Amino acid sequence: MGNSVAYPVLRTTDPAEAYEKARHLCALLATRYARVYVGAELRTVADLRRMAALLPDAIYDHAEIREDPVTGEFVYFGLDVRTAADAELTGEVPLRFAQEELPDGVRDEDFVRAVGAGPASVRWEGCWPDEPELGSYPSPAYDGVQLVLNSEACEWCEQVAGIHRVYVHVTKHGDPGRAERLAAAVGGAVLGEPEQG
């Protein structure tokens, strides 16, 4: 999506509702690309095991910067989550991965169900319809829909457990009219200021 403008159009405590509304918005894209991008912060070993079963090749790292207390050098996560013992992983969580493409055979709804209480994101990219009469034009490099779980920001960097948001991404310059129309299509409204996507 590049540096799009992202408008929050729905806020809910129900992840199933958020997913349903996000998928409804995806259906409104004139073109939807096949790739779906996901990211998540896994806070428990159980969350990590569930996600690793879905995305065995995801590249994990510590959610927060860690330094070696003796050398002061950065410490990177180096275990294989598929084979590491629970006791080893307990000292490593929370772990995070971002910008992973869902592999063939893994559905976006499976990913949503696997997310625990940590922040997560699902992004669908495409193009909104051409609407010259309304001053709205597609922007293939920026258009799309994003579901953010357990966070109040499209960058999903801070955990807000139990709050889920849906965003529409439009051009790099923004299109408040299109955002309002898309929000209305799912019974929502533009919620506050747009964010950088």
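This passage describes a helix, its charged contacts, two loop residues, a surface patch and the cysteines of a predicted model.

Helix α5 spans residues 176-185, and within this helix Arg178, Ala179, Leu182 and Ala183 are buried. When the helix is viewed down its axis, these buried residues fall within an arc of 135 degrees, so they line one face of α5. On the other side of the helix, Glu180 and Ala184 are exposed. The cover over the buried residues of α5 includes strand β1 (5-12), helix α1 (15-28) and strand β7 (164-170). After α5 comes Gly187, which has a positive phi, near 70 degrees.

One of the buried residues of α5, Arg178, also takes part in charged pairs. Side chains of opposite charge can pair when their charged atoms come close. Glu131 forms a salt bridge with Arg178, and the closest N and O atoms of this pair are 3.2 Å apart. Glu131 belongs to the loop between β5 and β6, whereas Arg178 belongs to helix α5, so the salt bridge ties together parts that are 47 residues apart in sequence. Both partners, Glu131 and Arg178, are buried. Asp175 likewise forms a salt bridge with Arg178, with the closest N and O atoms 3.8 Å apart. Asp175 is buried, as is Arg178.

The count of salt bridges in the model comes to 20. Among the salt bridges is that of Glu101 with Arg35, in which the closest N and O atoms are 3.3 Å apart. Glu101 lies in strand β4 (residues 95-101) and Arg35 in strand β2 (residues 31-42), so this pair ties together parts that are 66 residues apart in sequence. Glu101 is partly exposed, with a relative accessible area of 39%, and Arg35 is also partly exposed, with a value of 48%. Elsewhere, Arg11, Glu152, Arg165 and Glu195 are linked in a network of salt bridges.

Two loop residues illustrate buried and exposed positions. Ser139 is found in the loop between β5 (120-127) and β6 (144-149). With a relative accessible area of 11%, Ser139 is buried, because buried residues are those under 20%. When its neighbours within four places in sequence are left aside, Ser139 is in contact with Gly126 and Thr171. Tyr76, in turn, lies in the loop between β3 (61-62) and α3 (86-90). The relative accessible area of Tyr76 is 61%, and this residue is therefore exposed, the cut-off being over 50%. Together with Ile65 and Phe74, Tyr76 makes a nonpolar surface patch of about 420 Å².

The cysteines were examined for disulfides, and the structure holds 0 of them. The sulfur of Cys26 is 13 Å from the closest cysteine sulfur, that of Cys127. A disulfide requires sulfur atoms within 2.5 Å, so this separation is too far for a bond. Cys127 is accordingly in no disulfide, its nearest cysteine sulfur being that of Cys26, 13 Å away. Cys26 counts as buried, at 6% relative accessibility. Cys127 is buried as well, with a relative accessible area of 12%.

Terms used: Residues numbered from 1 in each chain as written. Predicted model: local features only at pLDDT ≥ 70, side-chain atom pairs only at ≥ 80, totals over all residues. Heavy atoms only, no water. Buried < 20%, exposed > 50% of the residue type's maximum accessible area, 1.4 Å probe, protein only. Helix = DSSP H or I, 4+ residues; strand = E, 2+ residues; numbered from the N terminus. Arc of directions from axis to C-beta. Contact = heavy atoms within 4.5 Å. Patch = residues over 30% accessible without salt bridge, like charges linked within 9 Å, V, L, I, M, F, W, Y side chains within 5 Å. Areas by Shrake-Rupley, 256 points an atom, 1.4 Å probe, with all protein chains shown as cover. Salt bridge = Lys/Arg side-chain N within 4 Å of Asp/Glu carboxyl O.
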